[in-house]
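Work through these short exercises with the model open beside you. Each one has a task and a stepwise solution.

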Amino acid sequence: MRWLITGASGFLGANAVRALQPRAEVVGMVRDAGSAPWCERTATGDLLSAESLAGAVDEVRPDVVLHCAALADHRACEQDPDLAHRLNADASGTLAGAAASVGSRFVYISTDAVFDGARGWYAEDEPVSPTSAYGRSKAAGEKAVIAAHPSAVIARTNFFGWSPSGDRSILEFFTRELSSGRRVPGYVNYVVTSLFVEDVIDSIERIVEAEEHGVFHVVARDGVAKADFGRLVAAEFDLDAGLIDDVRVDGPDRDLSLRSDRLGHLTGTAMPSQAEGIARARERGNF
Ligand SMILES: NC(=O)c1ccc[n+]([C@@H]2O[C@H](COP(=O)([O-])OP(=O)(O)OC[C@H]3O[C@@H](n4cnc5c(N)ncnc54)[C@H](OP(=O)(O)O)[C@@H]3O)[C@@H](O)[C@H]2O)c1
């Protein structure tokens with residue numbers, strides 16, 4: 001199977017290239033050749049150029065496009081919601097349309113931030129309710145993708161692991177800060193179902209192999225507050241959990257936990273817990 005993986009220089013895309021390259025034909029899409037040296041093959045494409053996206057898809061003719069590229073920085077999205085919409089929504093629709101026109105399957109990486117976090121344990125078929133510019137742009141991306149490619153997969157996720165830059169993940173934040181003996185804030189009222197990044201990729205591969213489509217929640221089986229995630233990291237890496245200060249996010253409590261019923265039915269197994277994911281991450285070592 002030939003995969004075209006966008007955002008191959010970023011956290012998820014780089015991990016996807018690393019995981020899939022040994023067992024599939026993989027082409028990483030990047031803006032700048034050389035920004036993803038872990039790719040055996042690259043194609044260039046910029047989300048802001050519809051022509052370059054169509055060109056990359058036409059050149060590679062992938063069986064499946066795994067669309068990881070995005071403006072994933074929440075603050076940058078708040079600062080420029082128009083750019084967030086162009087990158088996360090418009091370009092996703094354009095790329096999905098290009099994939100459809102050459103018969104490629106399409107997986108759009110989405111996020112738990114399409115929900116408001118008022119209640120938690122959102123199911124795949126619940127209406128979205130984003131409260132941030134990032135969440136709104138990703139929710140609009142879901143719609144644009146389905147309009148352009150009705151049999152696409154929408155994979156809503158939240159993940160941790162090791163990134164090429166070393167600073168993209170909450171796991172990296174806690175291991176770095178606690179190893180240096182620095183005090184860190186840990187949010188007690190912000191809960192997510194974050195999954196180890198390699199398990200995200202394995203799950204997406206299962207969904208693609210099963211030729212499924214529609215919305216899948218690709219998450220851990222347990223919801224954990226960020227402060228408690230830090231304590232799990234401290235326990236696994238023999239670090240001082242006493243350095244974590246409990247703090248609250250401004251505004252209402254946030255519970256962005258997702259149910260992953262569809263994935264559970266597909267695999268017939270429970271998703272890993274966050275503690276299990278942290279243990280796997282420790283076995284793997286850095287990116
Ligand atoms: N991180 C999380 O916990 C999380 C949670 C839920 C969902 N997600 C979603 O997961 C996906 C991957 O996120 P990530 O954390 O891996 O993000 P990331 O590390 O910030 O990587 C973003 C990628 O997008 C590329 N990109 C940005 N602007 C581009 C443009 N104009 N043209 C082409 N490529 C462009 C970047 O390339 P350059 O290197 O050239 O900038 C980079 O490869 C995103 O869809 C995000 O919304 C992330």
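**Exercise 1. Charge layout**
How far apart are the mean positions of the positive and negative charges of the protein chain?

Solution. The model is predicted. Start with the charges: the protein chain has 29 positive and 42 negative ones. Take the mean position of each set. The two means lie 1 Å apart.

**Exercise 2. Overall form**
Decide whether the radius of gyration of the protein chain agrees or disagrees with a compact globule.

Solution. Step one: the rule is 2.2 Å times the number of residues to the power 0.38. Step two: for 287 residues this gives a value near 19 Å. Step three: the protein chain has 18 Å, so it agrees with the rule. For the extent, the C-alpha atoms fill a box of roughly 55 × 40 × 40 Å along the principal axes.

**Exercise 3. Burial and contacts**
Find what share of the residues is buried.

Solution. Apply the cut-off: buried means under 20% relative accessible area. Of the 287 residues, 52% qualify. Now turn to the surface. About 12300 Å² is exposed, with 47% supplied by carbon and sulfur atoms. Then check contacts between residues at least 6 apart in sequence: 74% of them join residues at least 24 apart.

**Exercise 4. Strand β4**
Which strands pair with β4, and in what sense?

Solution. The chain has 10 helices and 14 strands. Strand β1 (residues 2-6) runs parallel to β4, joined by 4 bridges. Here L4 stands opposite V65. Strand β5 (residues 105-111) also pairs with β4 in the parallel sense, over 4 bridges. There, F106 is the bridge partner of V65. Finally, inspect the faces of β4 (residues 64-67): V64 and L66 are buried on one side, V65 and H67 on the other.

Methods: Residues numbered from 1 in each chain as written. Predicted model: local features only at pLDDT ≥ 70, side-chain atom pairs only at ≥ 80, totals over all residues. Heavy atoms only, no water. Helix = DSSP H or I, 4+ residues; strand = E, 2+ residues; numbered from the N terminus. Buried < 20%, exposed > 50% of the residue type's maximum accessible area, 1.4 Å probe, protein only. Contact = heavy atoms within 4.5 Å. Areas by Shrake-Rupley, 256 points an atom, 1.4 Å probe, with all protein chains shown as cover. Lys, Arg positive; Asp, Glu negative; His and termini not counted. Charge placed at Lys NZ, Arg CZ, Asp CG, Glu CD. Pairing = 2+ DSSP bridges.
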